[in-house]
Amino acid sequence: MKLFRGLAAAALLASMTLATGPAHAQALAGKKIGLAAREITNDYNRDINAGATAVLQAAGAEVVVTDGGTDPRKHNENIESLINSGVAGIIVQLGDPQQLAPVVAKATAAGIPVITTSIGSKTEGAIADVGGDESLMAAMLARTLLSSIDYRGNIVGFWVPGAPLLETRKRVFDAVVADYPNVKVQWVPTEHSAAKVQTQMEDLLTANPEKGSIAGVWGAYDLLVSGAVEAVRRSGRDEIKIASIDGDKVGFQMLLDEGSPFVATVVQDVPAIGRLAAESLVAAVGGKKEFPSAIFTEVYVATHANGVAAAEKRWGPSFWENGIAKADVEGRWPQDGELIVVRPVLP
């Protein structure tokens with residue numbers, strides 16, 4: 001299997017990685033850095049935290065982690081508490097730019113630099129936002145799912161209203177689908193709960209018992225749509241194709257498990273989100289002033305045909321310790337698909 005990573009992409013990644021250096025590291029030694037997560041519910045949240053924590057601790061900082069438990073109000077309160085505790089900087093994971101702007105302004109007024117991750121746009125007053133390019137990933141997901149159903153049929157889409165990243169993913173999918181009159185989308189608002197999605201999908205399958213009445217399922221992210229995958233598996237509706245975004249462990253387990261309706265996940269380099277955010281914050285505390293407004297990580301599509309290479313790129317060889325046998329996967333699907341790594345091209 002070939003792995004295409006062009007010289008231009010490699011050079012861009014190198015230029016985006018902000019060196020901490022001895023001077024910047026010394027500026028952080030003995031100081032506290034806040035890591036405010038809106039929620040810590042899946043691999044995506046945990047790996048951002050881990051990537052950031054490794055960089056910050058290596059620079060000598062004490063890391064204080066808060067968890068908003070999916071509550072935006074609690075998330076803001078946690079950030080305010082970090083400000084009041086005298087942290088030297090804050091990394092914010094997830095949130096709405098307008099909701100975060102007032103607390104980021106408080107931090108800025110107190111001389112505390114803030115960098116956000118996975119907001120999808122720059123919050124006023126923040127250094128930058130670090131994450132995957134949401135529009136790019138959403139277009140990749142749209143192309144993957146639509147091609148799996150040959151651009152015709154009814155699609156069920158699960159998303160959580162009001163979550164900025166998920167709204168972007170939904171909006172892009174709607175824009176792509178507009179070009180295909182034989183595709184109809186039924187949007188199903190839900191909560192950050194795989195169990196709720198499973199119940200909703202079971203109800204939809206009961207209401208649409210004929211094979212072919214549902215062609216595909218669009219998921220805003222892997223863990224969310226895992227409930228729909230379980231419902232479809234139990235129903236025996238093997239004609240239904242499911243895809244989503246993140247490339248977390250549950251996503252790869254669904255993709256590579258025998259008989260699963262899950263056909264693709266758009267994979268982000270999630271640990272790099274945390275690392276790049278932390279490197280930027282270390283540099284800011286050390287006196288650096290100029291940063292790009294958006295810092296993007298690489299992404300790629302994992303399918304049955306490149307699942308082995310994709311799993312090992314995201315998780316390393318230890319992935320196969322999670323109960324999926326590599327030899328079984330290679331026996332089920334020829335691993336002849338290219339693993340193509342992409343990122344936005346910036347001037």
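**Entry 1: a charge over a ring**

A charge sits over a ring if NZ of Lys or CZ of Arg is within 6 Å of the ring centre and within 35 degrees of the ring normal. I start with that rule, and I note that I am reading a predicted model. My first hit is Lys 170: its charged end sits over the ring of Trp 159, 5.0 Å from the centre. My next hit is Lys 288, which lies over the face of Phe 291 at 5.4 Å from the ring centre.

**Entry 2: rings beside rings**

How many aromatic pairs does a search of the whole structure find? I get seven aromatic pairs. I looked up Tyr 151 and Tyr 180: their ring centres are 4.6 Å apart and their planes meet at 35°, so I call the pair tilted. Tyr 151 is in the loop between helix 6 (134–148) and strand 7 (153–159), while Tyr 180 is in the loop between helix 7 (164–177) and strand 8 (183–189). The pair therefore ties together parts that are 29 residues apart in sequence.

Then I checked how covered these two are. Tyr 151 has 23% relative accessibility, so it counts as partly exposed. Tyr 180 is also partly exposed, with a relative accessible area of 23%.

Next I turned to Trp 159 and Trp 187, an edge-to-face aromatic pair with 5.8 Å from centre to centre and 75° between the planes. Trp 159 belongs to strand 7 and Trp 187 to strand 8, so this pair links parts 28 residues apart in sequence. Are these two buried or exposed? Trp 159 is buried at 10% relative accessible area, and Trp 187 is buried at 19%; the cut-off I need here is under 20%. I also see one aromatic cluster, formed by Trp 159, Phe 173, Trp 187 and Trp 218.

**Entry 3: the sheet**

What is the order of the strands in the open sheet? I read six strands in the order 8-7-9-10-11-13, with mixed pairing. Strand 8 and strand 13 are at the edges with a single partner strand each, so one side of each has no neighbour in the sheet. The twist averages 20° from one strand to the next.

I wanted an example of each pairing direction. Strand 7 and strand 9 run parallel and are joined by four bridges; Phe 158 has Gly 219 in strand 9 as its bridge partner. Strand 11 (residues 262–268) and strand 13 run antiparallel and are joined by five bridges. There I find Gln 268 opposite Val 299 of strand 13. Strand 13 (residues 299–303) is mostly covered, with four of its five residues buried.

**Entry 4: two helices**

Helix 8 lies across strand 7, strand 8 and strand 9, and runs at about 160° to strand 7.

For helix 9 (residues 222–235) I tried a small length check. At 1.5 Å a residue, its 14 residues should span 20 Å, and the end C-alpha atoms are 20 Å apart, so the two agree. I listed its buried residues, among them Leu 224, Val 225, Val 229 and Val 232. What do the buried residues of helix 9 pack against? I find strand 7, helix 8 (194–207), strand 9 (216–219), strand 10 (241–246), helix 10 (249–256) and strand 11. Last, I looked just past the end: helix 9 is followed by Gly 236, whose phi is positive, near 75°.

How values were computed. Residues are numbered from 1 along each chain as its sequence is written. This is a predicted model: local features need pLDDT of at least 70, side-chain atom pairs count only at pLDDT 80 or more; totals for chains, interfaces and linings use all residues. Side-chain values use heavy atoms; hydrogens and water are left out. Buried means under 20% relative accessible area, exposed over 50%, partly exposed in between (1.4 Å probe, protein chains only). Helices (H or I, at least four residues) and strands (E, at least two) are DSSP runs, numbered from the N terminus. Two strands pair if DSSP finds at least two bridges between them. Rings of Phe, Tyr and Trp (its six-membered ring) pair if their centres lie within 6.5 Å; planes under 30 degrees apart count as stacked, over 60 as edge-to-face and the rest as tilted. The expected span of a helix is 1.5 Å times one less than its number of residues. Contact means heavy atoms within 4.5 Å. Axes are lines fitted to C-alpha atoms, for helices over the stretch in contact, and angles run from 0 to 180 degrees between N-to-C directions.
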